[in-house]
Amino acid sequence: MLDKTVVRVMNRLFEKGYTTEKDISALDLRDQLELKLTAQNEVKVIVELKDAVKQGKVISYLSGELNKPEEKKPEPKLVQPAEPKPDHKFL
């Protein structure tokens, strides 16, 4: 489910004609002021959205997957080869 703030910011952007990745990448502080996107959480959404556009991961951002910490896969344990046992044969 999309975050309410993300939906609100996206709707405001679309209403004002910011409808492409290029438009969103070009947003600057003056544009944000004109759009009245100045609350801290709205500014955070704009910054994250611009980062997602740069990375080509807009869908991942909107789905919430981009902000999830990556699961660390356990590193494979290296097995040391057994040392050869000394030959205890007596003559």
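## Working through a five-helix model

The axes of helix α1 (residues 4-15) and helix α4 come within 10 Å, crossing at roughly 75 degrees. Keep that pair in mind; the exercises below come back to it. One caution before starting: this is a predicted model.

**Exercise 1. Describe how α1 sits on α4, starting from the crossing angle.**

Step 1. Take the angle between the two axes, roughly 75 degrees. Angles of 65 to 115 degrees count as roughly perpendicular, so α1 is roughly perpendicular to α4.

Step 2. Sort the residues of this contact by type: 7 are nonpolar, 2 polar and 3 charged.

Step 3. Now list who takes part. On the α1 side you'll find T5, V6, R8, V9, M10, R12 and L13, and they meet N41, E42, V45, I46 and L49 of α4.

**Exercise 2. Work out whether L49 is buried or exposed, and find what surrounds it.**

Step 1. Place the residue: L49 belongs to helix α4, which covers residues 40-55.

Step 2. Check its accessibility. Buried means under 20% relative accessible area; L49 comes in at 1%, so it counts as buried.

Step 3. Look for its partners, skipping residues up to four places away in sequence. That leaves M10, L13, I24 and Y61 touching L49. Of these, M10 and L13 are also on the α1 side of the contact with α4.

Step 4. Compare sequence with space for one pair: E21 is 28 residues from L49 along the chain, yet their C-alpha atoms are 9.4 Å apart.

**Exercise 3. Characterise α4 as a whole: its span, its buried residues and what follows it.**

Step 1. Start with the span. The 16 residues of α4 reach 23 Å from first C-alpha to last, close to the 22 Å expected at 1.5 Å a residue.

Step 2. Pick out the buried residues: E42, V45, I46, E48, L49, K50, A52 and V53.

Step 3. See what they pack against. The buried residues of α4 pack against α1, α2 (21-25), α3 and α5.

Step 4. Step past the end of the helix. α4 is followed by G56, with a positive phi near 70 degrees.

**Exercise 4. Contrast Q32 with K36 in terms of location and accessibility.**

Step 1. Q32 is found in helix α3 (residues 29-34), while K36 is in the loop between α3 and α4.

Step 2. Q32 has 9% relative accessibility and so counts as buried. K36, at 63%, counts as exposed.

Step 3. Leaving out residues up to four places away in sequence, Q32 touches L37, T38, V43 and I46.

Step 4. Check the backbone of K36: its phi is near 60 degrees, a positive value in a residue other than glycine.

**Exercise 5. Sum up the overall fold and say how confident the prediction is.**

Step 1. Count the elements: there are 5 helices and 0 strands, in the order α-α-α-α-α along the sequence.

Step 2. Consider burial and contact range. Of the 91 residues, 24% count as buried. Among contacts between residues at least 6 apart in sequence, 48% join residues at least 24 apart.

Step 3. Turn to confidence. The mean pLDDT is 84, and 76% of the residues score at least 70. Among the elements, α1 has the highest mean at 94, and helix α5 (residues 58-63) the lowest at 86.

Step 4. Apply the usual caveat: where pLDDT is low, the predicted coordinates should not be read in detail.

Note on methods
Residues are numbered from 1 along each chain as its sequence is written. This is a predicted model: local features need pLDDT of at least 70, side-chain atom pairs count only at pLDDT 80 or more; totals for chains, interfaces and linings use all residues. Side-chain values use heavy atoms; hydrogens and water are left out. Helices (H or I, at least four residues) and strands (E, at least two) are DSSP runs, numbered from the N terminus. Buried means under 20% relative accessible area, exposed over 50%, partly exposed in between (1.4 Å probe, protein chains only). Contact means heavy atoms within 4.5 Å. Axes are lines fitted to C-alpha atoms, for helices over the stretch in contact, and angles run from 0 to 180 degrees between N-to-C directions. Angles under 35 degrees count as roughly parallel, over 145 as roughly antiparallel, 65 to 115 as roughly perpendicular and the rest as oblique. Ala, Val, Leu, Ile, Met, Phe, Trp, Tyr, Cys and Pro count as nonpolar, Asp, Glu, Lys and Arg as charged, and the others, Gly among them, as polar. pLDDT is the predictor's confidence in each residue, from 0 to 100. The expected span of a helix is 1.5 Å times one less than its number of residues.
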